[in-house]
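Hi,

Here is the structure I promised to pass on. Have a look at it first, and my notes follow underneath.

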Amino acid sequence: MSDPRPLLFAAVRDATVKADMVAQESGIVIGIEEAVTAAGEVGAHVRHRIEDASRVDARQVVLSIEGNPLAIALAEERLVGILAKPSGIATAAANFVARAAGSVRVVSGAWKKLPFSQKSMVRTAVAAGGAEPRIADWPFLYLDKNFVSMLGGVVATLSAAAAHPDLRGYRRVIQVTTVDDAVAAARTGAQTIFVDTGRLADLSMIADALRQKGLRSNVEIAFGGGISLQDVDVLRNLDVDVIDVGRAIVDAPLLDMSLRVKDRHD
């Protein structure tokens, strides 16, 4: 089926239209460079733009474009899609970082579970919001529960990592669910112990056990599993260094935006 819009706008194809892309709510806007490129591809000229990763207020103009009516219609279709979702993610990340107020480090590694085509966009948006897209700086080994099961347990997994000469410079991050596994991990060379149960009681028990055994200063403790923005108020007062926020950031609502036609000259 062919696009009917060229026929619809045929009578006014020589008109010049000016339009503004407007944020309907406050937040962090990401994707400006891609939006500028997309506007040019459909024949619209960008007259004004904000800087990428800027914070905007509600009803603030993000982009101003100019072109014939068909170009403006095509731009509306593409630009909202390019800007709204990553801006929603960046805004959610920024809200978590602000709520943490420097007491814990906020990361969001859930982008790894998304289709390959979306990973770069989500990773960039997370970083634009001030959160970190990875739990540790590269190089690191992320030893999740499946790795631990396949390699025969926490001690066997960390021993395998330590035994391989090419992996000895990698930071070792390991998922645990029990106090015994956390203690074993700390004693076997783990540098980040990730309690990913989502249960605050587990986090407290593991942190207490590590302190009691004199192991707490040797490791970083990370926590994840369904963390909401309100949970951060509690986590700020617990013995934890890193919170890994998944769905609440990666699946954040779109930042509401709309394209408004301002003027038309024939």
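Let's start with Arg260, which is found in strand E12. Before going further, the housekeeping: this is a predicted model, where local features need pLDDT of at least 70, side-chain atom pairs count only at pLDDT 80 or more, and totals for chains, interfaces and linings use all residues. Residues are numbered from 1 along each chain as its sequence is written, and side-chain values use heavy atoms, with hydrogens and water left out. The element labels are DSSP runs numbered from the N terminus, with helices (H or I) of at least four residues and strands (E) of at least two.

Back to Arg260. Its relative accessible area is 39%, so Arg260 counts as partly exposed; on this scale buried is under 20%, exposed is over 50%, and partly exposed is in between (1.4 Å probe, protein chains only). Setting aside neighbours within four places in sequence, Arg260 is in contact with Lys18, Ala19, Asp20, Val22 and Gln24, where contact means heavy atoms within 4.5 Å. By comparison, the C-alpha atoms of Arg260 and Ala201 are 50 Å apart, with the two positions 59 residues apart along the chain.

Just after E12 (257–265) comes a segment that holds Asp266. Asp266 is exposed because its relative accessibility is 76%. The C-alpha atoms of Asp266 and Val12 are separated by 7.5 Å, although these residues lie 254 residues apart along the chain.

Now the sheet. E12 belongs to an open sheet of four strands, in the order E3-E5-E1-E12 and with antiparallel pairing. E3 and E12 are the edge strands, each pairing on one side only. On average, neighbouring strands here are turned by 20 degrees against each other, direction ignored. For pairing, DSSP has to find at least two bridges between two strands.

Going through the pairs:

- E1 (residues 16–23) and E12 are antiparallel over eight bridges, and Val22 has Ser258 in E12 as a bridge partner.
- E1 and E5 (residues 61–67) are antiparallel too, over six bridges; here Val22 stands opposite Val61 in E5.
- E3 (residues 45–49) and E5 run antiparallel and are joined by four bridges, with Arg49 and Leu63 in E5 as bridge partners.

How many of the residues of E5 are buried? Five of seven, so the strand is mostly covered.

Two helices go with this sheet. Helix H2 (residues 32–41) lies across E3 and E5 and runs at about 155 degrees to E3. Helix H3 (residues 69–100) packs on the sheet and touches E1, E5 and E12, its direction making about 160 degrees with that of E5. Axes are lines fitted to C-alpha atoms, for helices over the stretch in contact, and angles run from 0 to 180 degrees between N-to-C directions.

Last, a helix pair. H6 (residues 154–163) and H7 (residues 179–187) pack at an angle of about 20 degrees, with axes 9 Å apart. The two are therefore roughly parallel to each other; that label covers angles under 35 degrees, while over 145 is roughly antiparallel, 65 to 115 roughly perpendicular and the rest oblique. Val154, Val155 and Leu158 in H6 meet Asp181, Ala184 and Ala185 in H7. That contact divides into five nonpolar residues, no polar and one charged, with Ala, Val, Leu, Ile, Met, Phe, Trp, Tyr, Cys and Pro counted as nonpolar, Asp, Glu, Lys and Arg as charged, and the others, Gly among them, as polar.

Cheers
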